[in-house]
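Here are some notes to help you find your way around this one. Keep the viewer open and follow the points in order.

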Amino acid sequence: MLRVRPVHFTSRTDSWKQFLTALGMVQTEDDGGWHVFDSASGRLALHDAEAGSGQDGHTVFAVEVGDVAEFARRTNLSAQEDGTRGEGAQPAELVTEAHGEACRISAPDGFSFMAGKATHAAQCADADPALAVVAVWYTADPEGAVRTLLHVGARPRPVPDNDETADFTAKNGGVLLVRPAAGASRSGLGFEYDGGLEPLRDRLTAAGFAASLTEEAFGSTLHVANPDAGSPNAPATVWISQRRPMG
């Protein structure tokens, strides 16, 4: 299995919980400073952070899997069969994290991300069925990022044009995006909505979150005031793009 599950560090946990609930997500784990919310496609974990710290307002690109050791084996086998990373390539490494055994995947651009073991398999049936969690990988080496996501079993989906962007879905939920960017590789967070954004905007506004709708080249995007506003690590808004299937 493979599911998108970024980790967002914040000192404003209560505000994020209110935002995610208004967005249509449902909390399914609450373990000390670790709070997991389900969407219909993908999950987001909130992790408590000290206000003003280097982590506050920062999102970490991450996924979850069923069997960590088997996931690492298959990822390394795929990389070896691909042959682009050299003989004996081992991009996946088993490690021990605070929440248990995990797998670290390292990419050619120096970016790495974690695959943790899913604590529960099914998505919450009460979550808004149109919402998906999106993890973004910004990199100066889009080709290497694409190969890495193929090695972990992400599924490519069509994109509107033939530039260096790439979109993937995870078998068990969520969206992974590769976007070209200068400088050091970094992660980003967003959401997709398979439906009209106006009702979602109204729902968020009613819950006290400032939201504005913009029309862009390939669809509409809803920009919502970031609950982490004021943190040096946080963008001003959180985006939710309208899902418009190709074809």
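1. Start with the open sheet of five strands that runs β3-β4-β5-β2-β6, with mixed pairing. Its edge strands are β3, residues 26-31, and β6, residues 59-60, and each of these pairs on one side only. Bear in mind throughout that you are looking at a predicted model.

2. At the β3 edge, the partner is β4 (residues 34-38), and the two pair in the antiparallel sense over five bridges. If you want a residue pair to click on, D30 stands opposite H35 in β4.

3. Now look for what packs on this sheet: helix α1, residues 13-23. This helix touches β2 (7-10), β3, β4 and β5 (43-48), and its direction makes about 165° with that of β5.

4. Helix α1 also has a helical neighbour. It packs with α4 (residues 197-206) at an angle of about 145°, the axes being 9 Å apart, and the crossing is right-handed. On the α1 side the residues are F19, A22 and L23, and they meet L200, R203 and L204 in α4. Sorted by class, that contact has five nonpolar residues, no polar ones and one charged residue.

5. There is another open sheet of five strands to trace, in the order β1-β7-β10-β9-β8, again with mixed pairing. Why do β1 (3-4) and β8 (92-97) each have one side without a neighbour in the sheet? Both stand at the edges with a single partner strand, so there is nothing in the sheet on the other side.

6. For β1, look at strand β7 (residues 62-65): the two pair in the antiparallel sense over two bridges. Here R3 stands opposite E64 in β7. As a general reminder, strands of a sheet pair through backbone hydrogen bonds, either parallel or antiparallel.

7. Next, helices α2 (residues 68-82) and α3 (residues 142-151). Their axes come within 8 Å and cross at roughly 130°, which makes α2 oblique to α3. R74, T75, S78, A79 and D82 in α2 meet R147, L150 and H151 in α3. By class, this contact has two nonpolar, three polar and three charged residues.

8. Is α3 mostly covered or mostly open? Mostly covered: seven of its 10 residues are buried, namely P142, G144, A145, R147, T148, L149 and H151. These buried residues pack against α2 and a set of strands, β9 (100-106), β10 (112-117), β11 (131-139), β13 (166-169) and β14 (175-180). After the helix comes G153, with a positive phi near 100°.

9. Last stop: V136, which lies in strand β11. How buried is V136? Its relative accessible area is 1%, so it counts as buried, the cut-off being under 20%. Leaving aside neighbours within four places in sequence, V136 is in contact with F61, L177, R179, R186, S187, G188, L189 and W239. To relate this spot to where we began, pick T28: the C-alpha atoms of V136 and T28 are separated by 23 Å, and the two residues are 108 apart along the chain.

Conventions: Residues are numbered from 1 along each chain as its sequence is written. This is a predicted model: local features need pLDDT of at least 70, side-chain atom pairs count only at pLDDT 80 or more; totals for chains, interfaces and linings use all residues. Side-chain values use heavy atoms; hydrogens and water are left out. Two strands pair if DSSP finds at least two bridges between them. Helices (H or I, at least four residues) and strands (E, at least two) are DSSP runs, numbered from the N terminus. Axes are lines fitted to C-alpha atoms, for helices over the stretch in contact, and angles run from 0 to 180 degrees between N-to-C directions. Angles under 35 degrees count as roughly parallel, over 145 as roughly antiparallel, 65 to 115 as roughly perpendicular and the rest as oblique. Contact means heavy atoms within 4.5 Å. Ala, Val, Leu, Ile, Met, Phe, Trp, Tyr, Cys and Pro count as nonpolar, Asp, Glu, Lys and Arg as charged, and the others, Gly among them, as polar. Buried means under 20% relative accessible area, exposed over 50%, partly exposed in between (1.4 Å probe, protein chains only). A crossing is left-handed if the near helix is turned anticlockwise from the far one by less than a right angle, and right-handed if clockwise.
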